[in-house]
Amino acid sequence: MIEYILMITTVLGAIIALMQRDLLKAAILTGIPGISIAFLFQFLLAPDVALTQAIVGSAIVPVFIALTVLKTRRTEEKSK
Amino acid sequence: MSFYDIILKRIRKIQEKAEEEEPITNVTASAMLTAELTLIASVLVAVVMVRLIHPVLMIIMIAAVLIIALMAMPIMPRLRREQNDDLNNMMFYVVVALGIIVALFYWGNLNV
Amino acid sequence: MVVDSQLMSFFTAGSLVVIGIFAALFLDNLIKKIIGLAFLADGVNLFIITMGYKPGGIVYIFLPDMVVSNFAQTASYPLPFALVLTNIVIGASTLAVILGLVIILNKRHGSLSASKILRDKGE
Amino acid sequence: MNANALIAVMVILPIASALFLNLLHKKDRTIKILAIITAIVIPIIPLLTPYGSHFFGGYVPLAQNATLAQGLPSLITGTQLFQFHPGVMYVFTSAQQLMVFVLGLITFFAIFTFLNETKRPSGVYAFLMFMGTASVSAILLSDDIFNIFVFFEIAALAQVGIIVASGIKNNYETALKYILLGNIAGPLLLLGIVILLGVTGNVNVTDMIFTFKQGYVDPNSPVILMALALIAFGWLYASGLPPFHTIKSAVYSKALPHGAALLQAFSVFTLVAIGIIILRLFSYNSFTNIAIIGISVIAMILGITMAIVQTDYKRILGYLAVGELGYIGIGLGLGTAFGITAGLFQAVNEAIITSFLFIGFGTVLYKTRTSNTRKLGGMMYVNPKVALLVLLAGLAMAGVPPLNAFQSKLMLIQAAIQSGLPELGIIMILLSIVTFMTFMKAFYTIYMRPKPKELEILDNKIPRSTVISLVALLIICIILGLFPQIATNSLQTLAAGLV
C-alpha cells in the first residue's frame, strides 16, 4: 500500500515543483520526488541504489539547483 | 520579366522581410537561389524512389511536389528561418522527430 | 492488491518521463528546464529498477545462510541496478556542468529565460 | 582465454594521460612534451595490437574458460548460459584497427597544431581532447551496449568542454544548448538500451543477437521496436543527423579549428559505431535500412542546402560536414556488403578530409581573428601555399580524382546502382557538385577577391606545425586515393559480417 502513496507523491511532487514561480521553492521541492523515488527503490528490492538515490536525489540535486538560484536570480521572469 | 527575375524578386522580398540587419547582396540572393534549386531538384529525384511502391503513385507525387514547389516558390528562406539556433525551436523539432521516428518504426514494421 | 504494483511503477516512470519532456519543451525558465531534465533521468532510472524487480522476490545480496538454488530462484535481477548506479552518477555530474554554464550565462545576460539568452544570434 | 591487454590500453592510455596532464598545471613545457608523446603513441597502439577480444576483469565466457568449464553439468553446457559474456567485452578487428588508427591520427594532428598555435598549453583543453578520443575509441571497440552509453555521455561532456574552452563569442550558449539537448537524447537512448536488456536479459550485443537468432525472444515484438526507435534517436544525437544538424554545425563553428577537426571526427566515428550496432541488432527488420537511408538523404539535402546560405565559413564547414555524414549513412543503409564497405571507407575519408579543411581554414582565423566571409578577402597573397592546400582539401571533399573521397563516393554510387537505387547515386553526384560549389564560394570570398580595407591581417606567421599537419593530411588523402584497397581490405570483413 505504501508504494502507491510513494508513486503518487513522486508524480505530484514533480508537478508541484514545476508549478512554483519562486525558483528556490521549486529547487527545494525537487527533493520530494527524489526521496520518494529512493523509497520506491527500497521497495523494489534495490537497497544500495536507494541509498545512492537518497543522497543524490534528495540532497545533492536540490542543493545544486538551490545554489544556482541563489547565485543567479530568485524569481522566474515573464517570458515574452 | 522572366521566371528567373520573378523568383529573384520574391527571394529578395522575403529576405528583406526576414532579416533586416543582414544586408541583401547579390551573393546572398544567388546563394539562396542555388540552395532553392538544389533543394527542389534533390527532392524531386528522391521522390522518384516511390516507384518501388507504385509507379502511378510516383507520377502523382512528382506532379504534386512540382506544383507545391512552384506555388511556395522561395522555400529556402523559410526553411532557413525554421532551422535557427533558438533552443526552444530546436527542442521542439527534436521532440517532434522523436515522435515521428517511433511512429515510423511501428508503421514500417507492419507495412514494409 | 488488485493493481499490480510493478505496472503502477512503470506508469510512474512513464509519467515522470512525460513531465520531464514537457518541462524541457514548454517551460521557458532554464532552471525549470533543468529540473524537468532531472525528472526525465529519474523516470528512466525508476523504469530500469522496476524492470529488475521481481514480485515476491528477495534482495539480490547473498547472505551466508542462504541456499544457492533458493537464492537463484527468488532474487531480483541485479544487472539493471548496477546500470542505475552508474546513471545516477552521470546525471549528477552532467547537472553540475549545466548549472555552471547557467551561472556564467546569467552573469553575462542577467536573465534566465531561454527565449532571451538562447535565441538565434543570426550568425 | 585470449584476453588481449593492448586493446584496453587504447582506451586507458588517453584517459590516464589526460588526468595526468590535468595534474601538472602551469608546467607548460612538461605538458607539451607529454602531450606530444601521448599523441604520437595513440595512433601507434592499434597498429601493434593483434586482433582479438579483451574481457575486462578476465570474465571470459564459460566456453572459453577451461578450468571452470570442465565437469559442469550438461544443463549448463547445453544451454546458452555456456556462451554468455559475463563481463565487458572489447572486440578488435581490422576495421576497428583502421578506424581507431585514423582517430588517433586526427587527435595527433589536432594536439600538434594546438600546442604550437597557443602560447600556454596548460589547462583543460588537451585533457578534454584526450578524454574525447578515449571515449570514442571505446565506443568503436566496445561490444557492450551499456558501456557504449557511458562513453557516449563522457564524449558529450568532452565535446561541451572543448566548446567552452575555445573562448569564441557565444560559445557558452551553444554549449548549453548542446548539453540540454543531450540530456533529452541520452536518457532516451538509455531507455532503449534497458528495454533490450529487459527483453534479452543482458547488454552484450553478441548475446542479444544470439537470443534473437535462437528465438528465445520474438524480434518483432513492439517492445523491441520501441527500443530500436529510441536507440536510433540517440544515434541521431550522437552523430548530428537531423534534427540535430543545426546544433551540431553550431558546435563545430564554436570550437577552435583543431577542436572542430577533432569534434567532427568524434561524430563521424560515433555514427559509424552506433550505426554498426543498430545494423547488427536490427538488420532482420527490413525497415531499419529504409529509415537509415531516409534520414541520410534528409541530412544530405538539409545540410548542404543550409551550408550554401551561411556567411560564417566555420558554419559553412559545419553544415558541409553534417551533409557529408549522409553519404556514410546511405552506405550503411544500403545493407549490401559492398555498400557498407563503401560507407565505412567514406567515413574514414570524411574524417580525414574535414579535419584537413577545418585546420586549413583555421589558418585564416589565426591570421585575421574573424570568421565572417563578408569581412574577409585577399588571403591568397598572404600565404599562397596554405591557400593551395585548402583548395586541394576542397577538391578532395568534392571527390575529385586522385584524392580519396573520389574512390569512396564512386564505390557508394556503384553500390547504390547495384542495389537497384540509382536515384541515390544521382542525388549523391548532384550534392557533391553543390558541395564543391559551396566550398568554392567560401574559398573565393576568403582568398581570391580583393582584400577589404577594414580587414587588418595580424603579422604572426602561421606555425610550421600547422603546415606540416596539412601536408601530412594531404599525403594521406593521396595515398588512400591511389591505393583504396589499403582501407577497403580491412573494412570488408566487418561489412561482410553485417549482412
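# Interfaces and voids in a predicted four-chain model

Among the residues that line the largest cavity, 13 are nonpolar, ten are polar and two are charged. The model is a predicted one, and the account below moves from this cavity to the largest pocket and then to two of the interfaces between chains.

## The largest cavity and the largest pocket

The search yields nine cavities of 30 Å³ or more, and the largest cavity has a volume of about 320 Å³. Of the 25 residues in its lining, C:L37, C:A38, C:A41, C:G91 and C:A92 lie nearest the centre of this cavity. Three chains provide helices with at least two lining residues each: α4 (47-71) in chain A, α2 (30-52) and α4 (79-109) in chain C, and α7 (145-166) and α8 (171-200) in chain D. Within that group, α4(C) makes the largest contribution to the lining of the largest cavity, with eight residues.

The largest pocket, with a volume of about 1,700 Å³, has a lining of 45 residues, and those nearest its centre are B:L104, D:G294, D:I295, D:V297 and D:I298. At least two lining residues come from each of α2, α3 (55-71), α4 and α5 of chain B, and likewise from each of α11 (245-254), α13 (286-308) and α14 (313-334) of chain D. The helix that gives the most to the lining of this pocket is α13(D), from which eleven residues come. The two linings are set side by side here.

| Space | Volume | Lining residues | Classes of lining residues |
|---|---|---|---|
| Largest pocket | about 1,700 Å³ | 45 residues | 36 nonpolar, eight polar, one charged |
| Largest cavity | about 320 Å³ | 25 residues | 13 nonpolar, ten polar, two charged |

## Chain B against chain D

How many residues of chain B are in contact with chain D? There are 41 of them on the chain B side, and they meet 51 residues of chain D. The area buried between these two chains is about 3,900 Å², with 78% of it contributed by carbon and sulfur atoms. On the chain B side, B:Q83, B:V94 and B:F105 account for 17% of the area buried against chain D, which is more than any other three residues supply.

Two salt bridges are counted between chain B and chain D, and seven residue pairs, with both partners at pLDDT 80 or more, are in polar contact across this interface. The side of chain B that touches chain D draws at least two residues from each of α2 (26-47), α4 (75-82) and α5 (87-111) of chain B. The largest share of that side belongs to α5(B), which supplies 15 residues. By class, the chain B residues that touch chain D comprise 29 nonpolar, eight polar and four charged.

One salt bridge can be described individually: the side chains of B:R51 and D:E423 come together at 2.5 Å, N to O. Over all chains, the whole structure contains four salt bridges. The pair joins two chains because D:E423 belongs to helix α18 (residues 422-448) of chain D, whereas B:R51 sits in the loop between α2 and α3 of chain B.

## Chain A against chain C

Four pairs of chains are in contact, and of these chains A and C share the most contacts. Chain A, by contrast, does not touch chain B, their nearest C-alpha atoms being 12 Å apart, and does not touch chain D either, where the corresponding separation is 15 Å.

Between chain A and chain C, 42 residues of the former are in contact with 49 residues of the latter. The two chains bury about 3,900 Å² between them, and 77% of that area lies on carbon and sulfur atoms. The chain A residues that lose the most area to chain C are A:L18, A:L44 and A:L45, which together make up 19% of what the chain A side buries.

Which kinds of polar pairing does the search count between chain A and chain C? The number of salt bridges is zero, while five residue pairs, both partners at pLDDT 80 or more, are in polar contact. Helices α1 (2-19), α2 (23-29), α3 (31-43) and α4 of chain A each give at least two residues to the side that touches chain C. Of that side, α4(A) supplies the largest share, with twelve residues. The chain A residues that touch chain C fall into 26 nonpolar, eight polar and eight charged.

Technical notes: Residues are numbered from 1 along each chain as its sequence is written. Chains are lettered from A and ligands numbered from 1 in the order in which they are written. This is a predicted model: local features need pLDDT of at least 70, side-chain atom pairs count only at pLDDT 80 or more; totals for chains, interfaces and linings use all residues. Side-chain values use heavy atoms; hydrogens and water are left out. Contact means heavy atoms within 4.5 Å. Buried area is the accessible area (1.4 Å probe) that two parts lose on being put together, summed over both. A polar contact is a pair of N or O atoms within 3.5 Å; within protein, one must be able to donate a hydrogen and the other to accept it, and residues adjacent in sequence count only if both atoms are side-chain atoms. Helices (H or I, at least four residues) and strands (E, at least two) are DSSP runs, numbered from the N terminus. Ala, Val, Leu, Ile, Met, Phe, Trp, Tyr, Cys and Pro count as nonpolar, Asp, Glu, Lys and Arg as charged, and the others, Gly among them, as polar. On a 1 Å grid over the protein atoms alone, a cavity is a set of points where a 1.4 Å probe fits but cannot get out, and a pocket is an open set with protein on both sides within 12 Å along at least five of seven lines; lining residues have an atom within 4 Å of a point. Grid points are joined across faces, edges and corners, and a volume is the space filled by probe spheres set on the points.
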